[in-house]
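Trainee: Could you take me through one part of this structure closely, the nonpolar patch on its surface, and then place it in the wider picture?

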Amino acid sequence: MAFGVRAALLFDDPWAHGYDGWYYVLQVRALLDGAALFADRSLVFWPLVALGALTGDVIVGNKIAACLFAATTAGFGAVAAQRWRRSWWAGLVCGLWWAASPLHLGVSAEFLKNSAGAVILAALLATLPGCERDRRRVGLAVGLALLGPMVHKLAGVMGLIAAGSYAAVHMLSGRLSPRLLGGVLLVGLGLVAASGLLRPSDLLRLTDPSAPTTNRLAALTGGRLVLPEQLELAWVMATPLVLAVSAIRDRSQRAFTLAILPLAVIATAPGLPFGWDLTAWRLMLMGFIPAGLTLALLATRSGIGAGLAGLATVGVMLALPESVHAHRGRSPDYRAWASARAAIRDAVPAEGRVVAHRGLCGFVWAEAGVICENFHPAGDGEGWWRIAYGFSVDRLQPYTTAEEPPMFLRPGYTLVHEPAWRRFVAAEGDRFRLTRDARNPWRPRPEFVYGPGQETPAPDSK
């Protein structure tokens, strides 16, 4: 089911899905050509490269990977819940929830590193219950915990926290040696640090003061999310309390409960600034993991709990068409942009670059062959052209030159020389809120986007 749902969403057009989908297209194409385009050493790119080579089409390969990652994650979720609760019903509830979850759909449809990281995290959670009695499974759990950050930072850190919590409970009960736990942690942290995948600058993603934020409750209830997504998020917010009560009342399976409790807390993104492009939203999307496991817990507490868990699972499955429709509508209309590719390519000089909002920027780079960035370019803007949103040719014309006039691309979008855009903003920007809108990039590029000191990839690095 998880595979089929993603296939129905992703294979209805020939383009990458969502805002982040083109990032993976660009990187995999570059790797197939012999060199990485971005300083991103995630191991997820190797299966993506293999699928791209096998299918002959990177976009198709990435979509197949998205479907496979989601299905594998749901399968491991079923195993984790069954081993934890020792109940096939718990496993069925969790597996089906993870397969149909609107939040998981949001993760797997376009965020391929997140989705691959969820596979490793789910495999780790499936390995933990009872592993203290089996040395081979202890070794597997340690390996998965160390592999996680090499695939995706967020999911990898969640895995390290879950494994550390599980081990700490057994260490305190005398079932694991403190020396063994300390040694594993030291070796693990050394390997993760040596990989270079976790950097101190990554913490800026959590607290970036320059990031545009919004009121969390207003955003979540403001109409962007459909009812199934809002209901699952409400359940995510409740899971820490349910798990904490269960850890107090049920000592027999406390270790695993305390392993997923911090994941449930993390998924609420407590105290973090909220925005659809910020880490807080990515953390909340990962809330499908504790949501499904906590529902499996309730399914084994009583007959009423089993019935309610069953109804909730059936409900999330019946809501799948609405969830898929919502996700399809949020992806930029790349089909409509296909006819503008040649115009952009012809208007921008060979050495020129483009600035455009997320999603559109990746499409321009991957499909029009023009390097693009979705941040405010440094310097005076010479050599850059902007795809401005919400401003017509007539509005921008007075600030341009006869040699570089603004050009209509499609309804709502105008291609304009970046210095002309800056003259317009300086003169009239205070009149228009759109000049500080995410669709008209105005923030400089944070250091963590490419890495310390690394500039936008050069044209010959494509």
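Mentor: Gladly; the patch comes next, followed by the protein around it and a few particular residues.

This is a predicted model, in which local features need pLDDT of at least 70, side-chain atom pairs count only at pLDDT 80 or more, and totals for chains, interfaces and linings use all residues. Residues are numbered from 1 along each chain as its sequence is written, and side-chain values use heavy atoms, with hydrogens and water left out.

Let us begin with the patch itself. Ile304, Leu308 and Leu311 together make a nonpolar surface patch of about 360 Å². Patch members have over 30% relative accessible area and no salt bridge, with like charges joined within 9 Å and nonpolar side chains (Val, Leu, Ile, Met, Phe, Trp, Tyr) within 5 Å. A salt bridge here is a side-chain nitrogen of Lys or Arg within 4 Å of a carboxyl oxygen of Asp or Glu, and areas come from the Shrake-Rupley method with a 1.4 Å probe, only the protein chains shown counting as cover for residues. Leu311 sits in helix α17, which covers residues 303–318; helices (H or I, at least four residues) and strands (E, at least two) are DSSP runs numbered from the N terminus. With a relative accessible area of 59%, Leu311 is exposed (buried is under 20%, exposed over 50%, partly exposed in between, with a 1.4 Å probe and protein chains only).

Now for the wider picture. The protein has 23 helices and five strands, and 53% of its 462 residues count as buried. Its accessible surface comes to about 20100 Å², with 62% belonging to carbon and sulfur atoms. Among contacts (heavy atoms within 4.5 Å) with a separation of 6 or more, 73% are between residues 24 or more positions apart.

Two backbone details deserve a look as well. Arg86, in the loop between α4 (58–85) and α5 (88–100), has a positive phi near 55 degrees without being a glycine. Ala269, also not a glycine, has a positive phi of about 50 degrees and lies in the loop between α14 (254–266) and α15 (279–285). Their surroundings contrast: Arg86 is exposed at 59% relative accessibility, whereas Ala269 is buried at 0%.

Finally, the cysteines. The whole structure contains zero disulfides, counted as pairs of cysteine sulfur atoms within 2.5 Å. Cys131 is buried at 6% relative accessibility, and Cys372 is buried at 2%.
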